[in-house]
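Visitor: Could you take me through one part of this protein up close? I'd like to start at a single residue and work outwards from there.

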Amino acid sequence: MFGFFRKKPSLKEELRKNPNQPEKWLKLAQESEKDAPEALYNALIYSRGELVDAVAKTLKNLVIYREFEPYLEKIEEELGKDYSSFFRGMEQEYRGNLQAARNLYDVARSSQNPLLAFLSSYHIANLYVKEGLYELAHKVFKELEGKVPPEYEFDYTVKKREVEEKLGLTGSKLLKSFKEGLKKTRDALGLAGFRGREIDESLFEELEERLILADVGVNATLELIDYLKREAKKRKLKNSDQLLELLKERLKEILLSCKGELNLSQKPSVILVLGVNGVGKTTTIGKLAKQLKDRGYSVVLAAADTFRAAAIEQLEVWAQRAGVRIVKAAEGTDPAAVVYDAIQSVKAKGDDVLIVDTAGRLHNKERLMKEIHKIKKVIGREFPGQPAEILLVLDANTGQNAISQAKAFKEITDVTGIALTKLDGTAKGGIVIAICSELKIPIKLVGIGERIEDLRPFDPVEFVEGLFEVESSNTQ
């Protein structure tokens with residue numbers, strides 16, 4: 001009689017009763033780090049290896065290789081040596097043992113599971129790139145042609161082209177590398193000039209000044225300098241080269257905690273895009289729409305910035321360029337009404353992704369807050385659990401002002417991720433570190449050029465390596 005009032009069982013309780021639910025095991029791993037090792041194991045076993053990519057990504061994000069290690073023997077018994085070798089390879093790669101990692105991935109690449117075989121080869125290619133072995137990397141990339149899963153096509157194309165540029169196999173620079181995009185910030189930091197010196201107080205003072213000039217932020221810089229002083233003494237470092245390696249290691253640790261991927265796990269997925277005028281919001285939406293379409297998603301744009309006629313026109317141009325549908329209305333129309341119409345269009349056509357442009361009138365915060373809340377209410381009512389992403393676009397050129405904008409938007413609504421634009425045009429790329437340290441919001445996309453493919457997923461390791469890249473003095 002009182003069953004109506006019974007407490008809904010927790011996810012763990014549900015899985016104890018019915019463990020054969022691999023997707024829910026994966027969800028448990030993402031929600032509870034304590035339960036994650038066992039949950040990832042169960043997600044892999046109950047899916048018979050089909051969730052290997054999702055398990056690998058979660059393992060990498062949580063950095064729980066040591067905790068997951070006890071399950072590898074059971075994984076080998078249940079699924080085979082190819083699976084256990086792949087995860088052992090991930091751990092060795094994380095620890096910097098690249099040769100050992102390659103050997104383990106090489107075992108896994110012969111898997112009968114096409115996805116596992118691809119992932120193993122892809123990891124090998126990326127390791128070759130890290131080591132500067134571009135010919136070997138290119139050979140592996142060529143072998144993967146025709147075997148790339150849709151969700152990896154863009155990333156694969158970017159990395160393959162970068163390798164081809166390194167080898168001089170392209171007639172012109174088709175794609176800007178991440179390291180090239182960070183040149184102005186790298187020059188501002190001038191870390192190469194700190195090499196070959198003794199560790200003393202003047203070195204720390206100069207390094208502090210450079211970090212602040214690159215817009216790392218005062219608080220983040222002071223924390224970094226304190227850490228370097230403490231660890232240098234603890235580890236008994238002898239020279240500045242060792243100190244720079246310590247700085248590189250620390251920056252990777254900080255930024256890895258802010259890495260995130262766009263959540264497109266549900267169909268349809270709604271991406272609500274925020275940002276003040278002039279930060280590159282419309283351009284980011286257009287580039288993202290084109291990339292998603294090229295990956296096989298059907299995309300719809302909602303022109304909900306009805307305050308400016310120019311915003312609607314600009315988005316329409318990008319919709320045509322990307323080859324996606326756009327739902328719009330006259331200037332001054334209620335933005336929530338435009339979103340409602342777009343949702344009905346998505347429902348009718350069965351589209352995969354809806355990207356919603358919004359007004360950027362941060363100077364009228366109260367009105368903007370009401371507008372955003374109304375839009376979110378419409379989305380949540382029509383598509384429960386959505387929006388999947390609330391993406392804030394920031395301009396790297398604005399430096400510390402971007403932090404202020406982010407804080408202001410966080411007062412208006414939750415923000416699930418940041419797209420940082422114009423990173424190639426500024427010496428203030430240290431703002432990435434400041435955003436991560438102060439805001440704790442995942443950086444999901446970065447813009448390092450004008451072309452559509454120059455909007456990239458944020459890769460913390462590649463970013464940090466780009467800051468420390470030593471410029472070649474050789475000329476062709």
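Guide: Here is a close look at one buried spot, followed by a tour of the rest of the chain. Bear in mind that this is a predicted model.

Let's begin at glutamate 389, which sits in strand S5. Is this residue buried or exposed? Glutamate 389 comes out with a relative accessible area of 0%, and the cut-off for buried is under 20%, so glutamate 389 counts as buried.

What does that side chain have for company? A polar atom of the glutamate 389 side chain lies 2.7 Å from the backbone nitrogen of asparagine 263. Setting aside residues up to four places away in sequence, glutamate 389 touches Glu261, Leu262 and Asn263, then Val270, Ile271 and Leu272, and also Thr416, Gly417 and Lys444.

That last name is worth following. Lysine 444 belongs to strand S7, which covers residues 443-447. With a relative accessible area of 8%, lysine 444 is buried too. A polar atom of its side chain lies 3.3 Å from the backbone oxygen of glutamate 261. So far, then, we have the glutamate 389 side chain beside a backbone nitrogen and the lysine 444 side chain beside a backbone oxygen.

The contact list of lysine 444, again without neighbours within four places, includes Gly260, Glu261, Leu262 and Glu389. Also in contact with lysine 444 are Thr416, Gly417 and Ile418, plus Arg456, Pro457 and Phe458. If you want a distance to check on screen, try lysine 444 to leucine 391: the C-alpha atoms are 8.6 Å apart, while the two residues are 53 apart in sequence.

Now look at the start of strand S5, which runs over 389-395. In the loop between helix H20 (365-382) and that strand you'll find proline 387. The peptide bond from glutamine 386 to proline 387 is cis, with omega near 5°. There is another cis bond to look at, from lysine 267 to proline 268, with omega near -5°. Proline 268 is in the loop between helix H16 (240-256) and strand S1 (269-274). Residues 270, 271 and 272, you may recall, are among the contacts of glutamate 389.

Past strand S1, we come to glycine 278, in the loop that leads on to helix H17 (281-294). Glycine 278 has 60% relative accessibility and counts as exposed. Leaving out residues up to four places away, it touches Asp395 and Lys422. For a long reach across the model, take glycine 278 and proline 70: they are 208 residues apart along the chain, and their C-alpha atoms are separated by 51 Å.

Further along, helix H23 takes in residues 460-468. Aspartate 459 caps its N-terminal end, with a side-chain oxygen 3.1 Å from the backbone nitrogen of valine 461. The buried residues of H23 are Pro460, Phe463, Val464, Gly466, Leu467 and Phe468. An α-helix has 3.6 residues a turn, so residues three or four places apart point the same way.

Two backbone oddities deserve a glance as well. Arginine 48 has a positive phi of about 55° without being a glycine; look for it in the loop between helix H3 (36-46) and helix H4 (52-62). Arginine 48 is partly exposed, at a relative accessible area of 47%. Lysine 236, also not a glycine, has a positive phi near 55° and lies in the loop between helix H15 (218-235) and H16. Lysine 236 is exposed, with a relative accessible area of 66%.

Finally, zoom out. The chain has 23 helices and eight strands. Its radius of gyration is 24 Å, close to the 23 Å that the globule rule gives for 476 residues, so the chain is as compact as a globular protein of that length. Of those 476 residues, 52% count as buried, glutamate 389 being one of them. Among contacts with a separation of 6 or more, 69% involve residues 24 or more positions apart; lysine 444 with Glu389 is one contact to keep in mind here. As for charge, the mean positions of the 75 positive and 74 negative charges are 3 Å apart.

Note on methods
Residues numbered from 1 in each chain as written. Predicted model: local features only at pLDDT ≥ 70, side-chain atom pairs only at ≥ 80, totals over all residues. Heavy atoms only, no water. Helix = DSSP H or I, 4+ residues; strand = E, 2+ residues; numbered from the N terminus. Rg over C-alpha atoms; globule rule 2.2 N^0.38 Å. Buried < 20%, exposed > 50% of the residue type's maximum accessible area, 1.4 Å probe, protein only. Contact = heavy atoms within 4.5 Å. Lys, Arg positive; Asp, Glu negative; His and termini not counted. Charge placed at Lys NZ, Arg CZ, Asp CG, Glu CD. Polar contact = N/O pair within 3.5 Å; in protein donor to acceptor, adjacent residues only side chain to side chain.
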